[in-house]
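Subject: Structure handover

Hello,

Here is the structure I said I would pass on. Please open it next to this email and look up each residue as you read.

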Amino acid sequence: MSRSFSAFVIAGTHSGVGKTTVTLGLLAALRCRKLKVQPFKVGPDFIDPGLHREVAGTVSHNLDGWMLSRNYNFKTFRKNSHGRDVAVVEGVMGLFDGFEGKSDHGSTAEMAKWLDLPVVLVVDASAMARSAAAMILGFLRFDPKLKVIGVIFNRIAGTGHLHYLEDAMASLSKVECLGGLPYDDRIKLPERHLGLVTAEEGLIDQKLSRLLADWIENHVDLDCLLAKSRAASSIPKINDGNRPSASGGAVTIGVARDKAFCFYYPDNLHLLQAAGARLVPFSPMCDRTLPSGVRGLYLGGGYPELYARDLARNRSMREAVRGFIESGGVVYAECGGFMYLSQGLTDSRARSFPMVGIYPVRTRMLSRFKAFGYREIAIKRGSFFPSGCRARGHEFHYSELEGNFSPTRKIKKVYVLSAKEEKREEGFQYKNCLASYVHLHFGSNPKLATGLVEAAGKVSCQPAGKLLKDRRTRSI
């Protein structure tokens, strides 16, 4: 007898309708029902998948129609949904919002069609009544190929308001009102300049998870949702050609993981392991030295500007990282990791803190976006990423560089970066250290992971730098 399996996409009419809160509530409620749930996130987001992980108890994977191929997205969904009872895919922005205005490329709608999944539309009803039905009708007619199975109204004023909305929905025969969620001031997800507070900062606790679960169980017809989204059969297991080696990898790579550095695509880590890496976490904030035996370092993005004082005070680690790089160690750094390797960081309160000091620039926080959007890069000259290699990712930061790289010939710009209306040189390489503001998804070109691991494997012994005892029990 095959296992029952349900899967659906949570989409919004626009950003800010409460998709993430509704998704977290659904994950919590499903888990309370003892169902095995698998979360996903459409788009180049790091924070929402981290929150999914805390609530669902399993890693949430990114799906992206612009950074990743249709086949890669399909395999990611199939591989990670195998053996689960429910798959919940949180969308990005509004249902049809994506890379451009003339198509659904990179949108939630595109992903729902690629994966053949039904859509649940979240509508902010706080300032609407009958007009909500007219708006929903527009979403239904805009793309008839989409299967919208239901609507969840968020921020309703009470049962009377919900009855009004249900009456208005009666004229829409093909979509069902699955419930209305009242505002609850106990259920709040605090935000900051790059989005929500991260899971690493303790946003989700047992009490909030319970509140989220009760919120959904009391106000959403979960049985109806599961029935309407039930697949004809369970997801069969597919062969994964990128399995980590049984030995855990012969090349040890340290991955910065703490409150300051927590922006990593799970697939990037998986592909590094598949390429032969053994990943060991360490904290630039708290650890005094580098993990023992590391041949390479991966410094991801995050919020170094919020923890600049702690990073600066940890002089021992800053010296260890600098010594590792100067001795030829392989380092790949993205966005926040790039900021950490600069001369110093000036936060939003104009306070300056010393950083590692590899690059002859400083970074300064702004009150607005400096860069935001998808990026494609091509490797134009030698680095541990193969020459001519192309890959995709995104850029999202409020900081800017102060100073320039012209005084030194030791730093090469190894990317040709393309955005919608610009091309520029990016990707700053010093010795075996490559840093950039761009977050690359290795799934867009697995040669990135292979190149990084192979380069680290060529290091004959661990480069100079203070070392930390190997901690095999820590989870990446």
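What follows is a short tour of what was found. Keep in mind that this is a predicted model.

**The cores**

Start inside. The largest nonpolar core has 124 residues. Six of them touch the most other members: Tyr-332, Tyr-340, Leu-341, Tyr-359, Phe-385 and Leu-440. Helix H1, residues 19-32, gives the most to this core, with 7 residues. Another core lies apart from it and has 40 residues. Val-92, Val-119, Phe-153 and Ile-235 are among them. As background, nonpolar side chains tend to be buried together in soluble globular proteins.

Now zoom in on Leu-341. What is it in contact with, leaving aside neighbours within four places in sequence? The list is Leu-299, Val-321, Ile-325, Val-331, Ala-333, Val-356, Gly-357, Ile-358, Tyr-359, Cys-433 and Ala-435.

**Strand E2 and its partners**

Next, find strand E2, residues 37-42. Is E2 mostly covered or mostly open? It is mostly covered, with 6 of its 6 residues buried. Val-37, Pro-39 and Lys-41 point one way from E2. Gln-38, Phe-40 and Val-42 point the other way. In a regular strand, side chains alternate between the two faces of the sheet.

E2 pairs with strand E4, residues 86-94, through 5 bridges. These two strands run parallel. Phe-40 has Val-89 as its bridge partner in E4. E2 is also joined to strand E3, residues 61-63, by 3 bridges, and this pair runs parallel. There, Lys-41 has Asn-62 as its bridge partner. To get from E2 to E3, the chain passes through helix H2, residues 47-56. This β-α-β crossover is right-handed.

**Helix H4 and the loop after it**

Helix H4 covers residues 108-115, and 7 of its 8 residues are buried. The buried ones are Thr-108, Ala-109, Glu-110, Met-111, Ala-112, Trp-114 and Leu-115. They pack against strand E1 (6-12), E2, E3, helix H3 (70-81), E4 and strand E5 (119-124).

Asp-116 sits in the loop between H4 and E5. Its phi is near 55 degrees, a positive value in a residue other than glycine. Why does Asp-116 count as exposed? Its relative accessibility is 67%, and exposed means over 50%.

Ala-350 also has a positive phi, near 65 degrees, and is a residue other than glycine. Look for Ala-350 in the loop between strand E17 (344-346) and strand E18 (352-354). Ala-350 is exposed, with a relative accessible area of 60%.

**Helix H6 and Pro-182**

Helix H6 runs over residues 159-169. Its buried residues are His-161, Leu-162, Leu-165, Ala-168 and Met-169. Seen down the axis of H6, the buried residues fall within an arc of 120 degrees, so they line one face of the helix. The face turned away from that buried side carries the exposed residues Thr-159 and Asp-167. The buried residues of H6 pack against helix H5 (131-142), strand E6 (148-156) and strand E7 (176-182).

Pro-182 is in strand E7. Is Pro-182 buried, exposed or partly exposed? It is partly exposed, because its relative accessible area is 23% and buried means under 20%. Pro-182 and Leu-162 are 20 residues apart in sequence. In space they are 9.3 Å apart, C-alpha to C-alpha. Pro-182 touches Ile-156, Trp-215 and His-219, not counting residues up to four places away in sequence.

**Strands E20, E23 and E24**

Strand E20 (residues 371-379) and strand E23 (residues 411-418) are joined by 4 bridges and run antiparallel. Glu-376 of E20 stands opposite Ser-418 in E23. E23 is joined to strand E24 (residues 423-430) by 7 bridges, again antiparallel. The bridge partner of Ser-418 in E24 is Lys-423. A hairpin of 4 residues joins E23 to E24.

**Cysteines**

How many disulfides does the structure hold? It holds 0. Take Cys-177. Its sulfur is 9.9 Å from the closest cysteine sulfur, in Cys-224, so the two are too far apart for a bond. Cys-32 is partly exposed, with a relative accessible area of 38%.

Best wishes

How values were computed: Residues numbered from 1 in each chain as written. Predicted model: local features only at pLDDT ≥ 70, side-chain atom pairs only at ≥ 80, totals over all residues. Heavy atoms only, no water. Core = buried A, V, L, I, M, F, W, Y, C linked by side-chain atoms within 4.5 Å. Buried < 20%, exposed > 50% of the residue type's maximum accessible area, 1.4 Å probe, protein only. Contact = heavy atoms within 4.5 Å. Pairing = 2+ DSSP bridges. Right-handed = clockwise from strand over helix to strand, strands pointing away. Disulfide = S-S within 2.5 Å. Arc of directions from axis to C-beta.
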